[in-house]
Amino acid sequence: MTRRVDISPTWIGSLSTPGRYALAVVLVAISTAGALVLERVTGSNRVAGAYLVGVLVTAYLVGSGPGYLAAAASFVIYNFYLARSHISLAAYTPEDFLVLLTFPTVALLMGNLTGRVREEAKRAQTRALTTAVLFEGTREFSASDDPGLIRARLADHLAAAARGQAFVMDRDVLCAAGGAEPEPMVLSAARALAAEAGEPRTIEAAGWRVRRLASGALAGWRADPPPAADEENLLQILADAGATAMARASLTVAKADAEARSRTEDLRNALLSSISHDLRTPLAAVLASASSLQEFGDQFDAKTRHDLTATIQEEAERLNAFVTNLLNMTRLEGGALEPASAVFDLAEVVDRTRKRFERLRGQRKISCKLGEGADVAMGDPVLFEVALANVLENAVRYSPDGGTIALTSFPHGGQVVVQVTDEGPGVPEGELGKLFDKFYRGAAAKRLPGTGLGLSIVRGVMQGMGGQASAALRTDGPSGMVMSLTLPAVRV
């Protein structure tokens with residue numbers, strides 16, 4: 001913000017009105033002392049110039065009123081110098097009359113002009129201050145989307161521009177600056193003004209100027225002395241700029257809320273659509289197998305009954321996996337997932353997860369090779385098993401029959417990494433960053449059942465434990481993916 005600079009010294013600017021007139025008398029006395037010195041040096045009493053300089057300096061420093069006083073006093077004192085040499089009126093020459101006439105005229109004109117210049121300079125500085133506040137306020141308003149912050153800063157800027165007090169009231173939220181809150185009668189008048197309809201307008205109440213803004217808010221300011229007309233216009237422009245910024249910020253908040261509701265609705269629709277399809281298939285298989293066993297169980301041989309019960313178990317496990325993923329996603333989205341932080345045996349968790357998929361792997365092979373020094377990690381073993389199970393499920397789903405799924409672990413830079421490598425079709429390199437997005441499914445995934453939530457849950461779970469999940473394409477020849485789960489390692 002531009003610093004205010006007065007044309008007179010700071011201590012003079014702080015003088016009261018009587019002090020300014022007293023200073024004018026002092027300056028006249030100094031002029032008289034200068035005139036005496038000139039008279040003794042030159043031997044002449046023609047010392048009008050000393051008084052003219054004194055009047056000029058007085059009007060320049062303390063204004064036109066004290067300048068008039070200095071001109072009158074200088075006229076009387078200068079006439080005294082003439083009177084010392086001329087006892088009677090007849091002794092005055094035409095030149096003496098001309099000096100006496102010219103001196104007060106010039107002194108008054110100089111005092112008036114310099115006083116006007118001084119007052120115009122002060123008004124210009126006041127306008128510059130108000131304009132600087134307006135510029136600073138609009139710049140600050142444009143950088144914020146918080147209506148509350150804009151409201152508070154508008155009150156501060158109005159108080160600075162008015163060099164007094166100010167307030168902003170929006171929906172009964174009051175922000176005051178520069179002093180105490182306005183009187184109750186001022187607030188009552190402001191509320192009555194807010195209830196009116198129409199264009200923004202300004203009223204006066206108990207020394208306050210209160211303006212109804214376009215946004216429906218109210219802004220008021222009070223200054224002593226009251227601001228000039230051009231300053232008042234700048235204050236109104238500042239208030240209107242703040243109102244526009246508050247309206248914009250409110251619209252931004254409303255837009256963000258609407259977008260959040262829209263995303264929530266899209267998420268809900270996508271989730272319902274995915275669930276309705278992915279739950280229907282295993283439910284149909286369970287119902288068909290259970291009804292067949294109930295009606296024709298005695299007629300089936302042992303192998304058929306075993307296949308039907310295995311189908312019920314597998315499809316029930318698929319249903320359980322779906323529901324578990326949905327619950328985990330709900331907990332992640334709601335911030336209710338609180339992972340434990342404990343030291344656990346990584347090898348035990350990996351082996352337990354691998355055994356769960358022995359029956360589900362079909363004709364695929366699952367190899368497991370854990371590196372030395374990578375068997376103890378810090379995290380939540382239950383949630384890590386959830387993450388690893390989701391990754392293994394994807395690997396089994398997309399790997400062809402007869403393919404091999406490799407489970408490996410190794411230490412790396414103070415962390416332990418568990419990798420799952422499959423022989424599936426992989427994804428285009430440009431889509432690797434989307435694999436962990438909710439509901440994202442590549443071209444190959446769309447041909448198979450699934451909700452598209454598994455990998456997004458993996459990322460959320462790993463980040464919650466202080467780890468990370470990443471994906472890369474295989475670079476050792478066969479097609480496929482390499483999914484890496486990383487946790488802090490623990491030295492034992």
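Select glutamine 165: its relative accessibility is 17%, under the 20% cut-off, so glutamine 165 counts as buried. The model is predicted.

**Stop 1: glutamine 165**

Glutamine 165 sits in strand β1, which covers residues 165–170. Now show side chains. Which residue's side chain forms a polar contact with that of glutamine 165? Arginine 222 does, at 2.7 Å. Next, select the residues that glutamine 165 touches, leaving out those up to four places away in sequence. They are Ala159, Ala177, Gly178, Gly179, Ala180, Trp208, Gly220, Trp221 and Arg222.

**Zoom out: the chain**

Colour by secondary structure. The chain holds 12 helices and 12 strands. It has 492 residues, and 39% of them are buried. Take the contacts between residues at least 6 apart in sequence: 64% of these join residues at least 24 apart.

**Stop 2: methionine 246**

Select helix α8, residues 229–296, and find methionine 246 in it. Is methionine 246 buried or exposed? Its relative accessibility is 2%, so methionine 246 counts as buried. Then pick serine 215. The two residues are 31 apart along the chain, yet 7.5 Å separates their C-alpha atoms. Serine 215 is also among the residues that methionine 246 touches, with neighbours up to four places away in sequence not counted. The others on that list are Pro147, Ile150, Arg151, Leu154, Val168, Asp170, Leu213 and Ala217.

**Stop 3: α2 against α3**

The remaining stops are helix pairs. Two packed helices are described by the angle between their axes and the distance between the axes.

Select α2 (residues 17–42) and α3 (residues 48–62). Their axes come within 9 Å and cross at roughly 155 degrees. That angle is over 145 degrees, so α2 is roughly antiparallel to α3. The crossing of α2 and α3 is right-handed. On the α2 side, show Arg20, Leu23, Ala24, Leu27, Ser31, Thr32, Ala35 and Leu38. They meet Ala50, Tyr51, Gly54, Val57, Thr58, Leu61 and Val62 of α3. Colour this contact by class: 10 residues are nonpolar, 4 polar and 1 charged.

**Stop 4: α10 against α11**

Move to α10 (residues 346–356) and α11 (residues 381–398). The axes of α10 and α11 come within 10 Å, crossing at roughly 45 degrees. This makes α10 oblique to α11. The crossing of α10 and α11 is right-handed. From α10, the contact uses Leu346, Val349, Val350, Arg352, Thr353, Arg354 and Arg356. From α11, it uses Pro381, Phe384, Glu385, Leu388, Ala389 and Leu392. How many charged residues does the contact of α10 with α11 have? There are 4, along with 8 nonpolar and 1 polar.

**Stop 5: α11 against α12**

Keep α11 selected and add α12, residues 454–464. These helices pack at an angle of about 150 degrees, and their axes are 9 Å apart. The pair is therefore roughly antiparallel. The crossing of α11 and α12 is left-handed. Show Leu383, Phe384, Ala387, Asn390, Val391 and Asn394 on α11. Opposite them in the contact are Gly454, Leu455, Ile457, Val458, Val461 and Met462 of α12. The contact of α11 with α12 has 9 nonpolar residues, 3 polar ones and no charged ones.

Finish on Phe384. This α11 residue takes part in the contact with α10, and Phe384 also takes part in the contact with α12.

Note on methods. Residues are numbered from 1 along each chain as its sequence is written. This is a predicted model: local features need pLDDT of at least 70, side-chain atom pairs count only at pLDDT 80 or more; totals for chains, interfaces and linings use all residues. Side-chain values use heavy atoms; hydrogens and water are left out. Axes are lines fitted to C-alpha atoms, for helices over the stretch in contact, and angles run from 0 to 180 degrees between N-to-C directions. Helices (H or I, at least four residues) and strands (E, at least two) are DSSP runs, numbered from the N terminus. Angles under 35 degrees count as roughly parallel, over 145 as roughly antiparallel, 65 to 115 as roughly perpendicular and the rest as oblique. A crossing is left-handed if the near helix is turned anticlockwise from the far one by less than a right angle, and right-handed if clockwise. Contact means heavy atoms within 4.5 Å. Ala, Val, Leu, Ile, Met, Phe, Trp, Tyr, Cys and Pro count as nonpolar, Asp, Glu, Lys and Arg as charged, and the others, Gly among them, as polar. Buried means under 20% relative accessible area, exposed over 50%, partly exposed in between (1.4 Å probe, protein chains only). A polar contact is a pair of N or O atoms within 3.5 Å; within protein, one must be able to donate a hydrogen and the other to accept it, and residues adjacent in sequence count only if both atoms are side-chain atoms.
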